[in-house]
2 protein chains.
Amino acid sequence: MVIKNPQYQQKSEHFNVIKSIHMRYSKIIGKTKKDAPKDEESVSAQLLLRGGFVHKEIAGVYTYLPLGLRVLNKIIQIVREEMIAIDGQEMSLTALQNPEVWKKSGRYDDDVVDIWFKTKFKNNTETCLAITHEEPLTNLMIQQINSYKDLPLYAFQFQTKFRNEVRSKGGLLRAREFLMKDLYSFDKTKEDHEKYYERAKQAYIKIWKRLGIGDDTYVTFASGGSFSKFSHEFQTVCKTGEDTIYLDKKKKIAVNKEVFNDEVLKMLDINKNDLEEVKAIEVGNIFPLGTKYSDALGLYYTDEEGKKKPVIMGSYGIGMGRVMATIVELKHDDKGIIWPENIAPYKVMLIGLNLEDEKVKEKAEKLYEKIISMGIEVLYDDRKEVTAGQKFADCDLLGIPYRAVISQKTENRVELKKRAEQNTKDVSPEELLYLLK
Amino acid sequence: MVIKNPQYQQKSEHFNVIKSIHMRYSKIIGKTKKDAPKDEESVSAQLLLRGGFVHKEIAGVYTYLPLGLRVLNKIIQIVREEMIAIDGQEMSLTALQNPEVWKKSGRYDDDVVDIWFKTKFKNNTETCLAITHEEPLTNLMIQQINSYKDLPLYAFQFQTKFRNEVRSKGGLLRAREFLMKDLYSFDKTKEDHEKYYERAKQAYIKIWKRLGIGDDTYVTFASGGSFSKFSHEFQTVCKTGEDTIYLDKKKKIAVNKEVFNDEVLKMLDINKNDLEEVKAIEVGNIFPLGTKYSDALGLYYTDEEGKKKPVIMGSYGIGMGRVMATIVELKHDDKGIIWPENIAPYKVMLIGLNLEDEKVKEKAEKLYEKIISMGIEVLYDDRKEVTAGQKFADCDLLGIPYRAVISQKTENRVELKKRAEQNTKDVSPEELLYLLK
């Protein structure tokens with residue numbers, strides 16, 4: 001796996017990133033399959049399992065295979081960039097949790113939260129697996145925050161959450177173990193909090209846009225729980241969604257069925273007649289937490305006048321696997337996935353046909369090396385003993401944006417096709433490189 | 001957090017990496033502390049806790065704060081590059097495990113493995129938290145490997161392991177929840193396995209060198225458990241280490257006390273008189289697994305002659321937090337940590353003194369922006385109401401490689417000092433940028 005182009009090598013060293021930008025499909029861990037497990041109901045889980053992106057360990061528990069991890073990491077990077085852009089500091093909390101911290105907020109009680117995994121240390125004291133991280137982070141911030149000068153602070157992470165769901169048939173849409181991006185805000189005043197809440201909302205809107213689901217994703221009014229009248233969900237309209245929302249397409253806002261009433265409509269200045277009832281998937285949510293956790297755990301700051309006040313908090317979540325699955329729910333056809341270019345595992349799939357013909361093989365190998373030397377991410381289907389039909393079907397299932405075919409028929413040219421389009425194009429290797437760059 | 005230099009921006013977009021390369025110390029989550037918790041025995045845990053790199057949740061369970069996560073991510077990237085270089089495919093297995101898979105190898109039994117965390121799903125079936133990943137990966141590979149043409153395969157991941165240790169006083173050196181890099185090899189024959197095992201060994205040697213502990217780390221013969229006569233550990237010589245090894249400094253090899261006997265010395269052609277007994281920390285290990293797991297779980301391939309054979313496996317581990325802690329055990333003085341430049345959280349700490357003087361403040365801010373525009377990672381101590389002595393002490397504790405001071409006294413110059421050296425140097429801002437670049 002030597003990257004031959006010295007220019008690329010140099011740049012990559014500069015950023016301390018050596019990426020694996022190329023792969024032979026004959027060697028990949030994650031083969032395509034004809035059928036998905038019968039108990040997988042969602043299209044996204046079926047396609048991701050069939051394509052070799054993920055592997056099912058237990059219901060609701062999925063391993064990310066190399067192709068799936070590549071997509072996940074690209075989604076993570078987009079979300080990370082937008083979190084850094086709104087002053088988020090990245091950290092990483094723990095899965096094992098101290099029950100004492102959770103007892104303070106009341107959430108350790110199984111009657112309050114019924115999705116805990118609990119277990120024990122050797123000395124017989126209890127521990128539990130993080131369902132989220134409000135409590136431990138609030139507790140940690142007690143050491144960080146004393147004065148108004150220490151505020152505001154914004155912390156985020158990509159961390160695994162464990163939720164002991166009774167039913168887990170949603171595939172990656174509702175997993176029992178899943179990676180979440182969670183951001184938490186710590187502000188002095190309600191006004192500061194509201195300003196940041198709006199910044200976070202705008203960052204989320206940018207994220208959906210960059211992930212290719214911006215047009216289908218709506219800011220949605222939802223219940224705020226016990227400490228806030230409302231929160232905001234980001235709902236992606238999708239026939240297979242579990243949630244029901246009422247959508248005003250013109251105003252680009254929606255209301256979750258759970259808070260759908262005349263009072264809310266009036267508050268939002270929405271006319272009932274402009275609304276459409278649709279199914280949707282919640283891809284993210286943002287939540288004003290007020291002083292619920294700072295009061296419960298004792299997170300105070302001293303203000304300009306020496307007065308002790310509770311810190312105003314907010315939390316902002318995105319389930320990374322769920323977002324990936326939602327993109328698949330939206331971006332597929334009967335042949336397979338259609339990844340947006342910026343999160344596709346590879347940009348182009350180079351397919352070699354008739355590779356038993358040494359001349360064709362040589363051409364394909366040469367083009368493969370050239371694509372690599374340009375720094376373009378390429379998956380090379382170098383399999384022999386596999387029919388052209390099977391190779392095309394696999395390529396469609398994997399959803400790689402560009403398909404470049406070299407065969408006896410193409411001679412010194414390349415047959416190029418976009419995954420999302422029907423027609424093929426006859427191009428020279430040079431044109432191909434130019435188009436991909 | 002806008003990166004102003006368009007050249008840097010362009011490059012970073014090319015690689016899809018927008019990094020947070022700068023930070024104001026007044027805002028950082030992770031303040032320095034005078035004292036570490038009393039129950040922390042190891043110097044590395046004390047310094048990492050005092051410096052605000054990590055936060056202790058429970059004994060043996062640590063949150064990575066922003067500074068700590070930066071160091072960890074740099075170590076991860078070095079290890080990742082070397083794993084990709086030996087054809088490793090990155091994936092990510094799960095924490096929640098299916099007991100049925102572990103029962104096949106016999107390791108689910110608490111009498112065999114006594115460090116399990118076990119818990120239950122809502123339907124009362126058991127699950128456990130991954131202590132390592134041989135069994136689930138072997139099980140997964142059954143779907144991947146049929147014929148000799150599918151081999152070899154090499155898979156690696158950075159994944160959390162959970163180990164329910166009775167005693168956890170080693171800080172990050174022996175945590176109960178920790179990130180591990182684990183690589184697994186799947187080969188056709190013993191010969192192929194041995195070749196790869198040697199490649200992995202060489203990759204490990206490169207890793208220690210790149211992490212700055214190469215000179216202190218020795219390939220060490222150790223017990224191979226029940227299925228192999230020997231394995232290899234990588235032991236870093238360190239007074240505070242838990243392991244005892246016998247070291248031949250000239251030959252650059254060592255023998256773990258647990259297998260230290262005349263037979264082994266003879267086999268390795270080592271003279272007892274050349275050996276030194278020293279304490280060491282095991283930073284990594286590589287293990288020939290033979291067919292233990294492939295036999296137990298049924299991972300076979302069909303060879304060239306149509307014969308069914310078990311796959312030959314190996315496993316190769318590095319505890320990421322332990323490596324980070326080991327570096328601190330080795331690289332510190334009585335003032336704090338001395339990070340090697342390539343894994344330091346930031347390259348330079350810019351310290352502003354007398355910042356109440358607007359002129360000085362302006363100079364410091366201007367230099368801060370310039371350093372950022374060059375793409376150099378910089379931590380700016382912009383705190384007011386903190387003494388020069390405290391700022392210098394914090395800088396030493398954090399272990400940032402370069403310290404650049406701007407004050408009333410420095411006028412239009414900068415006082416530069418390397419963390420590892422005593423003397424300071426008077427340079428112009430331009431010289432500083434040149435030296436750091």
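These are my notebook entries on a predicted model with chains A and B.

**Ground rules.** I count residues from 1 along each chain as its sequence is written, and chains are lettered from A in the order in which they are written. Local features need pLDDT of at least 70, side-chain atom pairs count only at pLDDT 80 or more, and totals for chains, interfaces and linings use all residues.

**Entry 1: domains of chain A.** I looked up the domain assignment, whose bounds come from an automatic or database source. Domain 1 of chain A takes in 6-29 + 346-436, and domain 2 takes in 43-242 + 281-333. Their C-alpha centres lie 38 Å apart. I then checked contacts (C-beta atoms, placed from the backbone, within 7 Å). I found 4 residues of domain 1 of chain A in contact with 4 residues of domain 2 of chain A. On the domain 1 side I noted 4 nonpolar residues, no polar and no charged. For these classes, Ala, Val, Leu, Ile, Met, Phe, Trp, Tyr, Cys and Pro are nonpolar, Asp, Glu, Lys and Arg are charged, and the others, Gly among them, are polar.

**Entry 2: how the chains are related.** I superposed the copies by least squares on C-alpha atoms of residues with pLDDT of at least 70 in both. Chain B falls on chain A after a rotation of 180° with 0.0 Å of shift along the axis, at RMSD 0.0 Å. The two copies are therefore related as by a two-fold rotation axis. Which residue of chain B comes closest to the rotation axis? It is B:T119, with its C-alpha at 2.7 Å. The same surface serves both copies, since 100% of the contact residues of chain B recur in chain A.

**Entry 3: the interface.** I listed 50 residues of chain B in contact with 50 residues of chain A. Helices (H or I, at least four residues) and strands (E, at least two) are DSSP runs, numbered from the N terminus. Elements that give two or more residues to the chain B side include β2 (54-58), β6 (118-120), α5 (134-141) and β8 (153-162) of chain B. α3(B) gives the most, with 7 residues. By class, I noted 25 nonpolar, 14 polar and 11 charged residues on the chain B side.

**Entry 4: helix α10 of chain A.** This helix covers residues 358-373, 16 in number. From first C-alpha to last it reaches 22 Å, close to the 22 Å expected at 1.5 Å a residue (1.5 Å times one less than the number of residues). I sorted residues by other C-beta atoms within 10 Å: 20 or more is buried, 12 or fewer exposed, in between partly exposed. Buried in α10(A) are A:A364, A:L367, A:Y368, A:I371 and A:I372. They cover an arc of only 140° (directions from the helix axis to the C-beta atoms), which puts them on the same side of α10(A). They pack against β1 (22-24), β20 (348-352), β21 (378-381), β22 (402-406) and α12 (429-436) of chain A. On the other side, A:E358, A:K359, A:E362 and A:K366 are exposed. Just after α10(A), A:G375 takes a positive phi of about 80°.

**Entry 5: helix α9 of chain A.** Here I found 10 of the 11 residues in 320-330 buried. Among them are A:R322 and A:E329. I picked A:A325, which lies in this helix. Why does A:A325 count as buried? Because A:A325 has 28 C-beta neighbours inside 10 Å. A:L172 is 153 residues from A:A325 in sequence, yet 6.0 Å away in space, C-alpha to C-alpha. Beyond four places in sequence, the contacts of A:A325 include A:S42, A:A45, A:L48 and A:L172.

Key. Two residues are in contact if their C-beta atoms, placed from the backbone, lie within 7 Å.
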